[in-house]
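Visitor: Please show me the sequence and the structure, and then take me through some local features.

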Amino acid sequence: MALVPTTETDSAAVFTEVNMGSPDSGSTVRATVVQAATIFYDTPATLDKAERLLAEAASYGSQLVVFPEAFIGGYPRGSSFGVTIGNRTLKGKEDFRKYHAAAINVPGITMQIFPEVDRLAAMAGKYKVTLVMGVIERDGYTLYCSVLFFDNQGCYLGKHRKLMPTALERIIWGFGDGSNIPVFDTPVGKVGAAICWENKMPLLRTAMYAKGIEIYCAPTADSREVWQASMTHIALEGGCFVLSANQFCRRKDYPPPPEYDFITGTDELTPESVVCDGGSVIISPSGAVLAGPNYDGEALITADLDLGEIARAKFDFDVVGHYARPEVLSLIVRDDPATPVSFTSEGSHK
């Protein structure tokens, strides 16, 4: 591996780890996971930052770029939104209003426009990369933690909504359903995503394996060392590449108090305190770590993926193929949209 210094981005040095082998370009994909912080409550500035990072990755020949969970819209680390059992504070409600304003509309919502999605699509087309982007999606007044997919021609492919938000996330994010667990056939391979702790859901993983996933993206907010064990297990279990992207952020990357309060450790935090130290990583189907984990700062973590590794791994273990026992164990996925209200005539809800 070579460590290549890049230009400075938002006053933070960014480094790229590049596999310096000479692979057959026909069976190899250069992939990058972005480890960087949202500009909180400022979605236009975050989109600008995303484009700078995407351009940087493309300059190293990356064909696939994966951003962290909630990069657009922000991961509200340390916030309680004023919630205690039986009560919600006025400040917490105002915090949610601002967070809702920073979220983005995504295609699939009736009578909406999608300027942020259009811009992301244009970025993917401009830099000729397959783009996987973590966003906070706004659907009316409900928010979802989602991942958007774009091909290298600048086409929006679709989205995955986090199926199960974790712990206090459930007070601010809705739940995905079986209609948005996609695996897309792209020029770089079959790509899908699961977000943070839903990666621990074995039935969800099995559904993705059944769809033939080859490049398994795992945007996350978990920087603990134990996360690496989960990523390695998924690579081995699924016989797929695993690309996990997390933010690296300091207290100063969030608004200062009292506008934004960290509930845990508030008295001990300084503007330079690290509140999420990354750990972004790329792992092969054999369980080998190809790049990362990086805990040092904002980074572009890059490796060359030899797609032939997938077949070699599946020869050992194919969880939904020759290693399956459907007459004993099987899975049914309900993949129809779960909508609370249905109308019998088109346009009656407009």
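The exchange below concerns one helix, several salt bridges and a pocket.

Guide: This is a predicted model, in which local features need pLDDT of at least 70, side-chain atom pairs count only at pLDDT 80 or more, and totals for chains, interfaces and linings use all residues. Residues are numbered from 1 along each chain as its sequence is written, and side-chain values use heavy atoms, with hydrogens and water left out.

Visitor: How far apart are the end C-alpha atoms of helix H1?

Guide: Helices are DSSP runs of H or I with at least four residues, strands are E runs of at least two, and both are numbered from the N terminus. The expected span is 1.5 Å times one less than the number of residues. For the 17 residues of H1 (residues 43–59) the span should therefore be 24 Å, and the distance between the end C-alpha atoms agrees: 24 Å.

Visitor: Which residue caps the N-terminal end of H1?

Guide: Just after H1, Gly61 has a positive phi of about 85°. At the N-terminal end, a side-chain oxygen lies 3.1 Å from the backbone nitrogen of Ala45, and the capping residue that supplies this oxygen is Asp42.

Visitor: Is Asp95, the salt-bridge partner of Lys91, buried or exposed?

Guide: A salt bridge places a side-chain nitrogen of Lys or Arg within 4 Å of a carboxyl oxygen of Asp or Glu; between Lys91 and Asp95 the closest N and O atoms are 3.2 Å apart. The two residues are four apart in helix H2 (residues 90–102), so about one helical turn separates them. Buried means under 20% relative accessible area, exposed over 50%, and partly exposed in between (1.4 Å probe, protein chains only). Lys91, at 35%, is partly exposed, whereas Asp95, at 10%, is buried.

Visitor: How many residues apart in sequence are the parts that Arg205 and Glu237 tie together?

Guide: Arg205 is buried, with a relative accessible area of 7%, and Glu237 is buried at 17%. Their salt bridge has its closest N and O atoms 2.7 Å apart. Because Arg205 lies in helix H4 (residues 202–210) and Glu237 in helix H5 (residues 226–238), the parts tied together are separated in sequence by 32 residues.

Visitor: How many nonpolar residues line the second largest pocket?

Guide: A pocket is an open set of points on a 1 Å grid over the protein atoms alone, where a 1.4 Å probe fits, with protein on both sides within 12 Å along at least five of seven lines; lining residues have an atom within 4 Å of a point. The lining comprises 21 residues, with Tyr75, Pro76, Arg77, Gly78 and Glu169 nearest the centre. Ala, Val, Leu, Ile, Met, Phe, Trp, Tyr, Cys and Pro count as nonpolar, Asp, Glu, Lys and Arg as charged, and the others, Gly among them, as polar. By class there are three charged, four polar and, as the nonpolar count, 14.

Technical notes
Polar contact = N/O pair within 3.5 Å; in protein donor to acceptor, adjacent residues only side chain to side chain.
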